[in-house]
Structures are given as structure tokens and as C-alpha cells.
Amino acid sequence: RGLSNLLLSPCPWASPCADRRLGRASLSTLSRPRSPACHQTVPPMRRIELHTELPCSAAAAWATVLDLDGWSTWARFVTSAQGEFSRGSRWRMTLSDAHGGPSRTMRPRFVSMAAGQQLVFETRIGAAWLVSLTHTFNFEAAGEQRSVLRQSFVASGLLVAPLWGPLERGMRQFEAFGADLARWARENAALRGRWRAEKAKE
């Protein structure tokens, strides 16, 4: 029953009880392989790429994402984020439900940062060899006041294949994060335009 609940979840790793859905006893058993044979075959990785065009510079998008206190003013999907930009830091992110259901919580670990360019997180379901999801945010310049947010997900582990349906749906929900950031950039560009117009009249 626990596994069926996990399969039916729209975003299986983003839940206050994501680990418990497989059952604590089951996870503890699975995380201690009975023989080295469990690791002889490396399961294939699966990858998803998302990209969003942003009407702002990459530097502006980067600064907005790093300002965690400001997320509640523009992000509708990931409504809050708490954590440190240091390797291994455990974050808490609150995700809204597009269908009006209760919000969900995910607890990724911060992996690395390339200043102004990239943020990398990892989320696990159980042990890393069961399900490991690496989520990378890349900010790329695309011209004057234009940039692209590229999100990539790499999923690996023994349970990725049987859980791929709900895992893929959960990862693709992050398209909404890019859409939120693009909407913020458009609104800010409109505000700057009105401010310039008012200054020109003075």
C-alpha cells in the first residue's frame, strides 16, 4: 500500500512523508543490500531538460533567485525556500498544488554553485542507489536584457524505472518555476518602462 501511494503522488519526493511512504522498515531493509550483487549492475540514468526564455538579464534572474526572502513575492509554484548555499546543506522548499490541493514540502540537499551561472541540488528517496534526482539550474545570457533558464534533471537508481511516471510528472512541474520567473521579469520591465516615461515628463 505504501508503494502504491508513492506511485499515485503527483510529486513523490516532494512530501513531508515521502520517505515514510515506502515504509521505514522497507527503506531500512533496502538500504542494507544482502549481497554485493545488488551493485553489480548500474541502472541507467534518465534525463529531462526544461528551458524558459526570460525578458531580463541573466544577472537579474540570478539575483532574484538568490534572494530567498523575496520568493514569496513572485514565485507561485515554489512559494518559499530556506537553506544555505553551502555543500550538503539541507533545504526546505514549499511547493503549491496546481489543482488547489495542500502544499507539499521537498527537502533537497545543496550540491554546488557556479557564481552567476549555476545551482545544483540533489533529492533522494531512500538511499542514493534507490532514487537520486540531481536538479541543475543554469542561467544563460541570450542578448541585451534577454536570458534563458535551463533546468536539467538526472534521475538514477534502482527504482527510477518503476517510478518513472510520477517522477517525470513531478520534475516537469518545475516548468512553472520558470514561468513564474519570466512573469516577474515582464512585470519588472513594465514598471521600469513606466518609471522612465514619468521621469521623461518631468
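## A small internal space

The second largest cavity in this predicted model has a volume of about 50 Å³. A search of the whole structure turns up 2 cavities of 30 Å³ or more. As general background, rolling a probe the size of a water molecule over the atoms shows where empty space is left.

So what lines the second largest cavity? The residues are Val65, Trp71, Phe85, Trp91, Met93, Leu119, Phe121, Phe137 and Phe177. Sorted by chemistry, that lining comes out as 9 nonpolar residues, with no polar and no charged ones.

## Overall layout

Now for the fold as a whole. The protein has 6 helices and 8 strands, and if you walk along the sequence they come in the order α-α-β-α-α-β-β-β-β-β-β-β-α-α.

There are 202 residues, and 40% of them count as buried. Take the contacts between residues at least 6 apart in sequence: 56% of these join residues at least 24 apart.

## Two helices with a buried side

Which residues of helix 3 are buried? Helix 3 covers residues 58–66, and its buried residues are Ala58, Ala61, Trp62, Thr64 and Val65. They sit on the same side of helix 3, because the arc they cover around the axis is only 165°. The general rule behind this kind of pattern is that an α-helix has 3.6 residues a turn, so residues three or four places apart point the same way. Val65 also shows up in the lining of the second largest cavity.

Helix 5 runs over residues 164–172, where Trp164, Pro166, Leu167, Gly170 and Met171 are buried. Looking down the axis of helix 5, you'd find its buried residues within an arc of 170°, so they line one face of the helix.

## How far to trust it

Across the protein, the mean pLDDT is 82, and 72% of the residues reach 70 or more. Which elements have the lowest and the highest mean pLDDT? Helix 2 (residues 24–30) has the lowest, at 41, while strand 5 (residues 109–114) has the highest, at 98.

Two stretches are worth marking when you look at the model. Residues 1–8 have pLDDT below 50, and beyond near neighbours in sequence this stretch has 14 contacts in the model. Residues 19–39 are also below 50, and that stretch has 25 contacts beyond near neighbours in sequence.

Notes. Residues are numbered from 1 along each chain as its sequence is written. This is a predicted model: local features need pLDDT of at least 70, side-chain atom pairs count only at pLDDT 80 or more; totals for chains, interfaces and linings use all residues. Side-chain values use heavy atoms; hydrogens and water are left out. Buried means under 20% relative accessible area, exposed over 50%, partly exposed in between (1.4 Å probe, protein chains only). Helices (H or I, at least four residues) and strands (E, at least two) are DSSP runs, numbered from the N terminus. The arc is that of the directions from the helix axis to the C-beta atoms. pLDDT is the predictor's confidence in each residue, from 0 to 100. Contact means heavy atoms within 4.5 Å. On a 1 Å grid over the protein atoms alone, a cavity is a set of points where a 1.4 Å probe fits but cannot get out, and a pocket is an open set with protein on both sides within 12 Å along at least five of seven lines; lining residues have an atom within 4 Å of a point. Grid points are joined across faces, edges and corners, and a volume is the space filled by probe spheres set on the points. Ala, Val, Leu, Ile, Met, Phe, Trp, Tyr, Cys and Pro count as nonpolar, Asp, Glu, Lys and Arg as charged, and the others, Gly among them, as polar.
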